[in-house]
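Subject: Structure handover

Hello,

Here is the structure I promised to pass on. Please open it first, then read my notes below.

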Amino acid sequence: MDLSRRDDTLRELMDDPDCDPERLHATLRRFGVVNRVVSGWDSLYRTRLRLLLADLDRPARVLDLGSGGGDVIARLAGLAARDRLDVQWTGADPDPRAHRAACARAIPGATFVCADAGDLLHRGDVFDLVISNHVLHHLGSPELVEFARASRALSSGVVLHNDIARSRRAYWLYAVGITPLAPGTFLRTDGLRSIRRSHRREELAVALGPEWTVTAPTPFRLLAEAPGRA
Ligand SMILES: C[S@@+](CC[C@H](N)C(=O)[O-])C[C@H]1O[C@@H](n2cnc3c(N)ncnc32)[C@H](O)[C@@H]1O
């Protein structure tokens, strides 16, 4: 397996509009468990988000771009509710199948829209914090730059994009670790393709440009951060 270069020619099975809807639904549902294990949002909430959300004298407005089945918002909303923080959560995803899956969850304080960043900009929406999880690796070079630009234009505070760091260890550990969760889903094939599509830290820093700070909070993760421009 050649992981020395990002392979953005690979297509994920769940991105096929004609893929098996039951497997897609099961995949979106199981993202919650996968994200709890790999994505580090609990730690990001404790170290970054909680302070940002508590620092306003009105309800904080948070946008999750590419929210999929809504699991990151579900988790963060639960954590914020425990801390009695008043937050308006918006999840936006241009894929109507993901949007339907997210709408089927009842998450207090959360609204889901079938839209991309451009649609939200067009509506004039502004948020205190814009986040994404596992979206950057989905995007080819021009889309990545546009996604990053639009995410900053939507935020009056901070933008945090959380994604996979490509490595051989991540690939082989995921291949083994996903085995119990994979049956009936696209998690195995798409997760491995995602790792092959994802960036290394220096690649992402170059792709996003100097206004972004890209860190590796854990060995298999990248966090791209920039100030909002709204
Ligand atoms: C791997 S899923 C991640 C879903 C969710 N963030 C999570 O972590 O569970 C990637 C999502 O990004 C969405 N996506 C792809 N391109 C996008 C774009 N340009 N803007 C917003 N979302 C996008 C897809 O529709 C898909 O739901």
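A92 stands opposite V113 in β3. This is a predicted model, so please read every value below as computed. The pairing belongs to a longer stretch of contact between neighbours: four bridges join β2 to strand β3 (residues 110-113). The two strands run parallel. To get from β2 to β3, the chain passes through helix α4 (residues 96-103). That β-α-β crossover is right-handed.

Now take β2 and strand β1 (residues 60-65). Six bridges join them, and they also run parallel. One pair to look up is L63, whose bridge partner in β2 is T90. Here the chain crosses from β1 through helix α3 (residues 71-82) to β2. This β-α-β crossover is right-handed.

So strand β2 is joined by bridges to β1 and to β3. How many of its six residues are buried? Five of the six residues of β2 (residues 87-92) are, so the strand is largely enclosed by the rest of the structure.

Next, a residue in another strand. S132 is found in strand β4 (residues 127-133). Is S132 buried or exposed? It counts as buried, because its relative accessibility is 0%, under the 20% cut-off. Its side chain makes a polar contact with the side chain of H161, at 2.7 Å. H161 is also among the residues that S132 touches. The others are W41, D64, L65, F147, L160 and N162, leaving aside residues up to four places away in sequence. Of these, D64 and L65 fall within the range of β1 (residues 60-65).

Last, two backbone points. Most residues other than glycine have a negative phi. Which residues here have a positive one? R84 does, with phi near 55 degrees. H134 does too, at about 60 degrees, although it is not a glycine.

Both sit in loops. R84 is found in the loop between α3 and β2. H134 lies in the loop between β4 and α6 (141-153). Their surroundings can be set side by side. R84 has a relative accessible area of 76%, so it is exposed, as the cut-off for that is over 50%. H134 is at 19% relative accessibility, so it counts as buried, the limit being under 20%.

If you look at one spot first, try S132 and its side-chain contact with H161. Then follow the chain from β1 through α3 to β2, and on through α4 to β3.

Best wishes

Notes. Residues are numbered from 1 along each chain as its sequence is written. This is a predicted model: local features need pLDDT of at least 70, side-chain atom pairs count only at pLDDT 80 or more; totals for chains, interfaces and linings use all residues. Side-chain values use heavy atoms; hydrogens and water are left out. Buried means under 20% relative accessible area, exposed over 50%, partly exposed in between (1.4 Å probe, protein chains only). A polar contact is a pair of N or O atoms within 3.5 Å; within protein, one must be able to donate a hydrogen and the other to accept it, and residues adjacent in sequence count only if both atoms are side-chain atoms. Contact means heavy atoms within 4.5 Å. Two strands pair if DSSP finds at least two bridges between them. A crossover is right-handed if, with the strands pointing away from the viewer, the path from the first strand over the helix to the second runs clockwise.
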